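Biologist: I'm new to this one, so could you walk me through it? I'll ask, you explain.

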Amino acid sequence: MNATVGIPQALLFYKYYPLWETFLKELGVDIVVSNPTTKKIVNSGTSLAENELCLPVKIFFGHLVDLKDRVDAIFVPRVVSVERGTYTCPKFLGLPDLARSLDTQLPKILDPVFNSRLGRKRFYESIFDFGKQFTKSKFRIWRAWMAGVSAQKAYQKKLLAGATPIEAIADEQVSTNNGDLKIGLAGHPYNVHDPYINLNLIKKLKKWGVSVATEEMIPPKILEHEANRLPKRLFWSYEREVVGAAFHWMRNKSVDGIIYILSFACGQDSLIQVLLESEAKKRKSVPLMSLVIDEHSGEAGMITRVEAFIDMLRWRAV
Amino acid sequence: MKVTFPHMGTIDLVLSDLFDRTGLEYIIPPRTSERTLQLGLRYSPEFACLPLKITLGNFIEALEAGADTLLMAGGVGPCRFGYYAEVQKCILKEAGYDFDMIILEPPAMGWKLFIDTLRLLAPGKSIRQIWRIIKTGFRKARAIDELEKYVLKYRAYEVKRGDMTKAYKKALEIIKPAITDEEITEAREEAFSILEGVEKDLGRPCLKVGIIGEFYLLLEPFANFGIEEYLGNMGISLERSVYLSDWISPSSKNLIMGISDQEVAQAARPYLNHFVGGEGLPSVGHTVIYAKEGFDGVIHLFPFTCMPDTIAKSILPKVSRDYDIPVISFVIDEQTGRAGLITRLEAFIDLLASRRKQKSKLHKEHDVLVNPRFGVDVTLSNSERGLA
Ligand code: SF4
Ligand code: SF4
């Protein structure tokens with residue numbers, strides 16, 4: 001019987017699930033994905049976490065708990081850097097350690113290091129290092145990784161074509177997305193795409209006749225190019241994408257408004273917010289609304305704010 | 001050009017010394033105060049960490065005082081600090097201030113940029129001259145740090161309360177005007193003899209506590225409510241994980257603090273196996289080291305929303321359990337009040353004292369007296385673990 005490895009449906013799941021799933025499957029393990037975020041998951045995560053952590057990390061802990069009695073190991077990679085010269089979030093750098101320090105019994109944590117800063121050679125070395133526990137054959141590890149990479153490419157293609165990560169992963173049909181108004185949702189993918197975190201914002205917008213754009217629908221080259229308009233190169237990859245998307249929309253006015261979803265207590269978001277708001281003020285092209293989310297965000301308050309924003313945009317359009 | 005810079009502990013001494021040498025005109029902002037904080041808050045993003053807000057206030061006060069060029073350090077991440085300068089520039093420009101900003105990026109962003117920036121700060125000086133100025137500047141910065149380290153450790157033992165603090169002020173005054181290497185050496189000796197001259201009772205069984213956390217909060221007394229002086233006055237001998245010259249220096253040796261980055265990382269490894277920016281890794285590593293060295297407890301200070309030290313805070317309870325050493329974390333923001341902090345601190349110290357008492361009963365040692373000068377004995381009822 002194969003070992004089962006759990007993958008939490010949180011944080012970088014939305015970015016790399018197909019890569020991770022395929023890679024691990026090819027290495028000969030069975031995959032269990034945690035359940036979609038629920039109130040129970042949030043509560044179990046929050047009760048284990050230090051209060052000062054951001055909500056997405058707290059929720060991640062909840063997904064670990066959701067998995068812990070069903071799997072032999074949980075996959076919590078240390079994603080240090082995904083392109084040269086940049087980092088991800090400090091919390092991702094310490095994620096496996098954060099998981100291990102939780103005051104609860106967890107299965108084994110599998111924590112390969114993904115660090116592009118060290119160059120190709122070291123990057124692959126750490127993948128072989130990780131694969132060794134499943135097979136002695138370097139060739140098999142390599143093949144598994146390459147299979148993962150091509151799954152990831154196929155995934156990104158679907159996203160570019162307009163599928164949400166959840167739709168693309170579940171291989172669902174892309175929901176219709178043509179309203180009279182178009183809103184760009186900027187923010188970390190786990191905030192934009194976890195329906196529990198954002199109180200089902202994407203569905204709601206679509207229901208209200210608003211179509212939705214996200215950073216995944218913009219080619220990476222454009223994101224990169226737009227983000228480079230900042231006076232100093234941002235050293236966080238994922239934030240470069242957030243900024244790139246928002247700048248892109250502001251410049252070519254391909255959306256009527258932008259909603260920037262940010263986590264309370266997120267270090268990066270606190271600075272990005274300044275950069276985005278200042279750019280929006282300067283350009284005066286596309287209105288921007290910031291939506292701060294934490295575990296206490298109420299649905300009613302959020303709906304009122306978003307509805308008011310949409311009304312304002314519709315007025316502008318008249 | 002009138003350059004200015006934010007306060008952070010004794011950094012004004014170090015930088016004004018450097019600019020005196022390079023011949024740059026500068027303005028030291030008014031000492032950080034409540035007003036500074038309020039000014040900073042007016043323009044800062046709500047969730048930025050406290051250092052950004054306070055240093056923004058420093059800049060505003062310096063601009064009011066006539067500065068026209070702001071000097072700030074840069075960085076390459078992953079902590080926010082590296083992007084502070086850009087954001088502060090953006091905020092202040094939007095608020096209508098007129099100024100230039102010089103951002104000193106570390107050589108990791110390119111040597112040319114680094115050297116060009118240094119040239120800007122030392123107009124007309126050759127690279128060799130700049131190098132010498134920096135070297136001498138470091139010598140002085142280290143001397144200042146050594147004095148501070150001594151004061152942290154021995155303030156607890158002074159016979160007359162306040163003597164050490166007074167002596168420290170005097171010592172700094174002596175070292176300030178020293179220019180040449182010889183003068184610095186001489187002044188350092190003289191300054192030390194003043195500190196050593198303070199009457200002490202070294203037989204006194206003082207609690208030993210380590211202070212760890214985010215560098216700005218550790219170094220800037222306004223931000224940490226002067227916690228070190230307070231603890232010293234309570235009769236607690238301190239060691240700290242960060243000193244200014246260690247922090248500025250590109251070397252990993254940490255000459256003042258005395259433990260290299262590698263050793264710290266090694267100590268942290270079972271708990272945190274990767275650096276996470278800022279002082280996240282050192283905070284964990286130093287707690288392990290303090291525990292191994294038999295310290296009575298550890299005090300952890302960091303700003304609300306600080307990512308690296310929030311990670312440390314999540315991990316420290318485990319270290320505390322494993323090594324049986326009480327650790328208390330203080331998360332500080334603009335709403336933190338001194339009174340609340342002191343109350344929690346006192347409870348923590350009571351706990352440490354009662355633990356020491358218990359231990360010394362086992363080993364038939366002296367009882368520890370907290371705050372012997374006031375004759376206040378300790379309430380020993382606190383059985384709560386020192387975990388916050
Ligand atoms: S980027 Fe922000 S929201 Fe995401 S894990 Fe890091 S701190 Fe949390
Ligand atoms: S170490 Fe923490 S408080 Fe200091 S700048 Fe970085 S994130 Fe902010």
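Biologist: Is A:Arg240 buried or exposed?

Modeller: Keep in mind that this is a predicted model. A:Arg240 sits in helix H12 (residues 237-252) of chain A. Buried means under 20% relative accessible area. A:Arg240 has a relative accessible area of 3%, so the verdict is buried.

Biologist: Which residues does A:Arg240 touch, not counting residues up to four places away in sequence?

Modeller: With those left out, the list runs over several parts of chain A. The residues that A:Arg240 touches are A:Glu83, A:Thr86, A:Leu223, A:Glu224, A:Ala227, A:Asn228, A:Arg233 and A:Leu234.

Biologist: And A:Gln152, buried or exposed?

Modeller: A:Gln152 belongs to helix H7 (residues 138-160) of chain A. Leaving aside neighbours within four places in sequence, A:Gln152 is in contact with A:Lys15, A:Tyr16, A:Pro18 and A:Leu19. The cut-off for buried is under 20%. A:Gln152 has 7% relative accessibility, so it counts as buried.

Biologist: Let's zoom out. What is the radius of gyration of chain A?

Modeller: Chain A has 14 helices and ten strands. For its 318 residues the globule rule gives 20 Å, and the value for the chain is close to that, so chain A is as compact as a globular protein of that length. The radius of gyration is 20 Å.

Biologist: What share of the residues in chain A is buried?

Modeller: The C-alpha atoms of chain A fill a box of roughly 65 × 40 × 35 Å along the principal axes. Among contacts with a separation of 6 or more, 72% link residues 24 or more positions apart. Of the 318 residues in chain A, the buried share is 59%.

Biologist: Now the ligand. Where does ligand 1 lie with respect to the domains of chain A?

Modeller: The residues around ligand 1 include A:Cys54, A:Lys91, A:His188 and A:Glu239. Helix H3 (55-68) and helix H4 (90-93) of chain A are the elements that give two or more residues to this shell. Both domains contribute residues to the shell, so ligand 1 lies between domain 1 (4-160) and domain 2 (176-317).

Biologist: How many residues of each class are in the shell around ligand 1?

Modeller: A:Val57 and A:Phe92 are among the residues of the shell, and so are A:Ser263 and A:Gln268. By class, the count is seven nonpolar, three polar and two charged.

Biologist: On to charges. Which residue's side chain meets that of A:Glu50 in a salt bridge?

Modeller: There are 39 salt bridges over all chains. A:Glu50 lies in the loop between helix H2 (39-48) and H3 of chain A, while its partner lies in helix H14 (residues 307-323) of chain B, so the pair joins two chains. Both residues are buried. At 2.9 Å, N to O, the partner is B:Lys313.

Biologist: Are A:Asp129 and A:Lys132 buried or exposed?

Modeller: The side chains of A:Asp129 and A:Lys132 meet in a salt bridge too (3.2 Å, N to O). Exposed takes over 50% relative accessible area. Both A:Asp129 and A:Lys132 are exposed.

Biologist: What is the relative accessible area of A:Arg70?

Modeller: The side chain of A:Arg70 meets that of A:Asp66 in a salt bridge (2.8 Å, N to O). Partly exposed covers the range between under 20% and over 50%. A:Arg70 counts as partly exposed because its relative accessible area is 38%.

Biologist: Last one: which residues are linked in a network of salt bridges?

Modeller: Here the linking goes beyond a single pair. The network is made of A:Glu226, A:Arg229, A:Arg251, A:Glu279 and A:Arg283.

Technical notes:
Residues numbered from 1 in each chain as written. Chains lettered and ligands numbered in written order. Predicted model: local features only at pLDDT ≥ 70, side-chain atom pairs only at ≥ 80, totals over all residues. Heavy atoms only, no water. Near = heavy atom within 4 Å. Helix = DSSP H or I, 4+ residues; strand = E, 2+ residues; numbered from the N terminus. Nonpolar A, V, L, I, M, F, W, Y, C, P; charged D, E, K, R; others polar. Domains from an automatic or database assignment. Salt bridge = Lys/Arg side-chain N within 4 Å of Asp/Glu carboxyl O. Buried < 20%, exposed > 50% of the residue type's maximum accessible area, 1.4 Å probe, protein only. Contact = heavy atoms within 4.5 Å. Rg over C-alpha atoms; globule rule 2.2 N^0.38 Å.
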